[in-house]
Amino acid sequence: MAACIFVLFLLSVIVGLIYLYLSWNFNFWKKRGVKGPKPKLIFGSIPSIVKRNRNLAFDMRDLYEKYKKSGERFIGIFMTRNPQILVVNPDLAREILVTNFKCFRDNEPALWVNNNVEEVAPRNPFMSGSAKWKGIRSEVIGGLSPSRVKLAHPIVMEICKKLINFVRASSEKSGKVIELKNLCHRYTTEVVADFVWGLNADTLKIDDSPNHMYNMFKQMLEKSFLKISFYYLTGLAPLLRTIIGGSFYPEETDKFFTKIQKDAVELRLQSKNDRPDFLNYLIQLQEKKNISHMDMVGHSLTVLLDAFETTGSVMAHTLYYLASNQTAQNKLRAEIMGSLDENGGLSYENLIELPYLDQCLHETIRIVTLISVTSRICSEETYLEVREDHKVKIEPGMIVHVPTYSFHNDPDVFPNPEEYIPERFDNGRAKELNQKGYFFPFGDGPRICVGMRLGQLESKAGIVEILKNFHLTKIGDLVPHIDPSSFILGLAGDLLVEFEPIQH
Ligand code: HEM
């Protein structure tokens with residue numbers, strides 16, 4: 001009996017201690033006079049990061065909608081048990097990303113990677129801490145300058161020819177209905193392998209055998225999405241991140257791409273070919289700055305992953321929305337056909353500047369904001385005004401979330417936000433909404449996307465060539481839902497579209 005009582009006592013002490021550990025900080029924001037939702041034990045204020053039933057973007061949007069008119073510029077939330085900030089005011093969003101960048105230099109994704117065990121992932125500017133970020137970013141960005149991206153235009157156009165031939169061959173073999181995510185990711189794999197290494201990835205040929213490069217990309221992404229989930233969950237006990245450890249990218253893919261990089265450099269040096277691509281830039285950079293082989297691998301993978309996944313996703317979703325909206329599709333096709341030169345092509349400048357195409361891309365990124373939240377870490381003590389006459393001291397280490405998806409889908413700014421209406425961006429409104437803090441298709445401030453020009457060239461060229469050659473119709477009435485499991489926001493399930501050839 002005494003033993004039973006002792007065990008019960010011990011259990012209640014343990015439960016009590018766990019309860020205390022999980023909730024002791026719950027008055028953090030109250031003490032500072034900052035409003036916010038009452039946190040729940042274990043789940044905090046953003047339950048979906050534990051429940052995994054929907055994307056965290058939707059929890060954030062619910063809070064944004066609740067508080068955006070409350071007079072608060074930000075609210076205090078808890079990620080599991082950790083106090084953090086959710087911005088609900090567009091001026092403050094710009095303050096964090098642009099005007100007060102000096103105090104918010106670090107990206108939360110720098111905490112996803114394990115600097116002790118891996119070499120490749122921390123070399124991506126998106127995941128690098130402030131000490132190294134500037135140097136890494138400037139090395140990558142040199143290879144993606146406007147003039148270099150312009151020089152990549154012929155490379156991309158060659159791949160577009162393969163894309164159109166692939167769609168024709170695929171229609172003949174298996175019918176006119178094609179799944180867009182698969183198609184666009186095959187295309188972006190081919191573009192990046194060619195632009196980054198001068199290699200043919202062989203993803204745009206009718207062949208049922210698995211494609212090694214494509215599978216490696218997928219494997220890399222799947223593992224990294226798992227690591228992101230692990231990061232959020234271990235907010236309950238961050239020590240587990242050190243104990244369990246593990247790398248962000250799988251070791252196997254790091255090895256695979258390190259070898260490809262080495263072979264590509266050797267091949268290029270032997271051939272003395274000075275094709276104006278990313279590899280050419282890296283070889284020049286190595287000569288100038290003596291960067292290491294791992295630096296070259298890291299920079300290549302930065303371009304590869306984003307130009308593969310993010311860009312492929314933007315392209316697939318744009319084609320899907322156009323296939324669902326015949327008026328927008330016909331309007332865009334008329335714009336394209338009206339701008340072609342005598343050879344039936346478009347110069348780089350004309351392609352990039354097609355106004356309605358730009359609006360369609362913006363509308364896609366708005367509606368399925370791929371990177372749904374931009375999260376910075378306070379790097380220098382500062383004060384943020386939470387409401388008129390009340391400033392709060394923010395200490396280094398505090399994580400601040402700018403819920404981009406919530407701003408992009410605010411019904412007061414974008415009426416009927418779930419509808420695809422590219423005309424929202426008529427008359428240069430994208431720029432105006434960006435200045436007002438409501439629209440950040442590529443992020444903002446010194447950490448703005450380094451690859452936006454390449455991403456736009458790649459996706460615009462592919463979309464133009466497809467619309468020149470095919471009429472698209474969405475198949476079925478299925479209303480796709482947003483994928484809760486992926487870090488990159490996107491419609492879940494297959495995006496099926498019928499490709500009807502246009503007779504010229
Ligand atoms: C259309 C496709 C793309 C979209 C919508 C997109 C969007 C974004 C967004 C929203 C950010 C966060 C910016 C911020 O924190 O303020 C970002 C960062 C970044 N993107 Fe992109 N991106 C795209 C294509 C690309 C491509 C093709 C590359 C590589 C060539 C790339 C490389 C990066 C890198 C390295 C960062 C981190 C920048 C830093 O923290 O300094 N992205 N992108």
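**Pocket, cavities, helix contacts and the iron site**

Helix H10 provides the largest share of the lining of the largest pocket, namely five residues. The structure described here is a predicted model, and the volume of this largest pocket comes to about 440 Å³. Its lining is made up of 21 residues, and those that lie nearest the centre of the pocket are Lys181, Lys218, Glu309, Asp483 and Ser486. Two or more residues are given to this lining by each of helix H9 (180–197), H10 and H14. When the residues that line the largest pocket are sorted by class, six are nonpolar, eight are polar and seven are charged.

Enclosed space was examined in addition to the open pocket. Rolling a probe the size of a water molecule over the atoms shows where empty space is left. By the rule applied, three cavities of 30 Å³ or more are counted, and the second largest cavity holds about 160 Å³ of space. This second largest cavity is lined by 14 residues, of which Arg52, Leu56, Tyr232, Pro484 and Ser486 are the closest to its centre. Helix H3 (48–51) and helix H10 (212–233) are the elements that give two or more residues to its lining, with H10 contributing the largest share, four residues. By class, the lining of the second largest cavity consists of seven nonpolar, five polar and two charged residues. Ser486 is thus listed among the residues nearest the centre of the largest pocket and also among those closest to the centre of the second largest cavity.

The iron site involves the loop that precedes helix H20. The protein supplies a single donor to the iron atom of the ligand, the SG atom of Cys449, at 2.3 Å. Cys449 is located in the loop between helix H19 (429–435) and helix H20 (452–469).

Helix packing was considered next. Two packed helices are described by the angle between their axes and the distance between the axes. For helix H14 (residues 293–324) and H20, the axes come within 9 Å of each other and cross at roughly 35°, and the crossing in which H14 passes H20 is right-handed. On the side of H14, the contact is made by Val303, Ala307, Thr311, Met315, Thr318, Leu319 and Leu322, whereas H20 contributes Leu454, Gly455, Glu458, Ser459, Gly462, Ile463, Ile466 and Leu467. Nine nonpolar, five polar and one charged residues make up this contact of H14 with H20.

A further helix pair is formed by helix H15 (residues 326–339) and helix H17 (residues 355–367), whose axes come within 8 Å and cross at roughly 145°. Ala328, Lys331, Leu332 and Glu335 of H15 meet Pro355, Tyr356, Leu357 and Cys360 of H17 in this contact, and the residues involved divide into six nonpolar, no polar and two charged.

At the level of single residues, Thr258 is placed in helix H12 (residues 251–271). Once its neighbours within four places in sequence are left aside, Thr258 is in contact with His293, Met294 and Val297. Although Thr258 and Val297 are 39 residues apart along the chain, their C-alpha atoms are separated by 5.8 Å.

Note on methods: Residues are numbered from 1 along each chain as its sequence is written. This is a predicted model: local features need pLDDT of at least 70, side-chain atom pairs count only at pLDDT 80 or more; totals for chains, interfaces and linings use all residues. Side-chain values use heavy atoms; hydrogens and water are left out. Donors are N, O and S atoms within 2.8 Å of the metal (3.2 Å for Na, K and Ca); water is not among the atoms, so sites may look incomplete. Axes are lines fitted to C-alpha atoms, for helices over the stretch in contact, and angles run from 0 to 180 degrees between N-to-C directions. A crossing is left-handed if the near helix is turned anticlockwise from the far one by less than a right angle, and right-handed if clockwise. Contact means heavy atoms within 4.5 Å. Ala, Val, Leu, Ile, Met, Phe, Trp, Tyr, Cys and Pro count as nonpolar, Asp, Glu, Lys and Arg as charged, and the others, Gly among them, as polar. On a 1 Å grid over the protein atoms alone, a cavity is a set of points where a 1.4 Å probe fits but cannot get out, and a pocket is an open set with protein on both sides within 12 Å along at least five of seven lines; lining residues have an atom within 4 Å of a point. Grid points are joined across faces, edges and corners, and a volume is the space filled by probe spheres set on the points.
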